[in-house]
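Student: I would like a close look at a single part of this model, the surroundings of its ligand.

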Amino acid sequence: MKEKILTWLRERKDYVSGQELCEHFGVSRTAIWKHINNLKKEGYEIDSVSNKGYRLISEPDLITAEAVTSRLTTKWAGRNIVFYEETDSTNIRAKLLGEEGAPHGTLVIAEKQNAGRGRRGRTWVSPAGESVYMTLLLKPDIAIANASMLTLVAAMAIAEAVKKAMGEEHACGIKWPNDIIVNGKKLCGILTEMSAEADYISHIEVGIGLNINIEHFADEVSQVATSMRLEAGHRFIRADIIADVMAYFEKYYEVFVQTEDLSGLVDLYNEMLINCGRQVRVLEQSGEQIATAKGITKTGSLVVVDDAGVEREIIAGEVSVRGVLGYV
Ligand code: BTN
């Protein structure tokens, strides 16, 4: 009920009378008053004027289940939210919830992680208050071999949500396969993990670390990391971004599962691909090669062409790609 009142006030952007709220939600004036008071205690600034009603003036930057749910437009993505003020890692929590039977689309969100995990065994430093650490639990009925493409689907959803929030001028894009980049620096990392039996997927955890309002990074990443706030020069309401990531993810996921590959998404992905048409350094165990990136295939491999015009496909996880001069 509190979430519904909040959504109503947010959408109306003006005074809404207590009477109207009572009639719309079928509850007493006292019940409305109590919900409004609880919202105020949580940091929502709500003006109450007799004869006019209530108006939402400002919102705290909360990422609780209520704050996110009141913004969701999805059918299933993020419809079951588990929020932690502090936890070890949302990927660990999502995996355990998956084992306990949590539904497809469960979203685990943490304000702070004390054991945040990055790719290749790295740590993901996760202080409270400024960023988003979340893991989406999926239970897809797809072949194990196709699961890694979900990371690219997530990257597309995040890039789209960030573009919507920051505006096109900030040129947010994807560095293959799944880093979100703004202005040459990394804005977001994705860690996808899978729990599978011999021949079927039990569940998949898509972990997302998105730098939203953070202004200072640890020395070791400060050269390559950025945040939406640093690039745009203002703060963002984190729950808005989470809800949009869920909306875009659900949309792209529905396209992906139809074919179990990226054939319906390749063109859009390639439009977002920062490396597209650029020279890249292809790093593999046998050495390094300079080539030009042409775009991805429907299975998510990157097509590169060398100076002699020879094309080849490189596979995420086996090969890394860097820019010729730096990270991108
Ligand atoms: C990377 O190394 O680029 C991936 C980083 C992924 C970090 C996110 S934060 C939420 C989720 N929980 C974790 O422990 N890791 C992922």
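Which atom of the ligand is close to an N or O atom in the side chain of serine 89, and at what distance in Å?

Tutor: This is a predicted model, in which local features need pLDDT of at least 70 and side-chain atom pairs count only at pLDDT 80 or more, while totals for chains, interfaces and linings use all residues. Residues are numbered from 1 along each chain as its sequence is written, and side-chain values use heavy atoms, with hydrogens and water left out.

An oxygen atom of the ligand lies 2.7 Å from an N or O atom in the side chain of serine 89; a polar contact is a pair of N or O atoms within 3.5 Å. A nitrogen atom of the ligand is 3.1 Å from a polar side-chain atom of threonine 90. At arginine 119 the partner is a polar backbone atom, 2.7 Å from an oxygen atom of the ligand. Of the ligand's own 410 Å² of accessible area (Shrake-Rupley method, 1.4 Å probe), the protein covers 99%.

Elements giving two or more residues to the shell are α5 (90-99), β5 (132-138), β8 (185-196) and β9 (201-210), where helices (H or I, at least four residues) and strands (E, at least two) are DSSP runs numbered from the N terminus. The largest share, four residues, comes from β8.

There are 19 residues around the ligand, and Ser89, Gln113, Arg117, Arg119 and Lys186 come nearest; a residue is near if one of its heavy atoms lies within 4 Å. By class, the shell holds six nonpolar, 10 polar and three charged residues; Ala, Val, Leu, Ile, Met, Phe, Trp, Tyr, Cys and Pro count as nonpolar, Asp, Glu, Lys and Arg as charged, and the others, Gly among them, as polar.

Key:
Polar contact = N/O pair within 3.5 Å; in protein donor to acceptor, adjacent residues only side chain to side chain.
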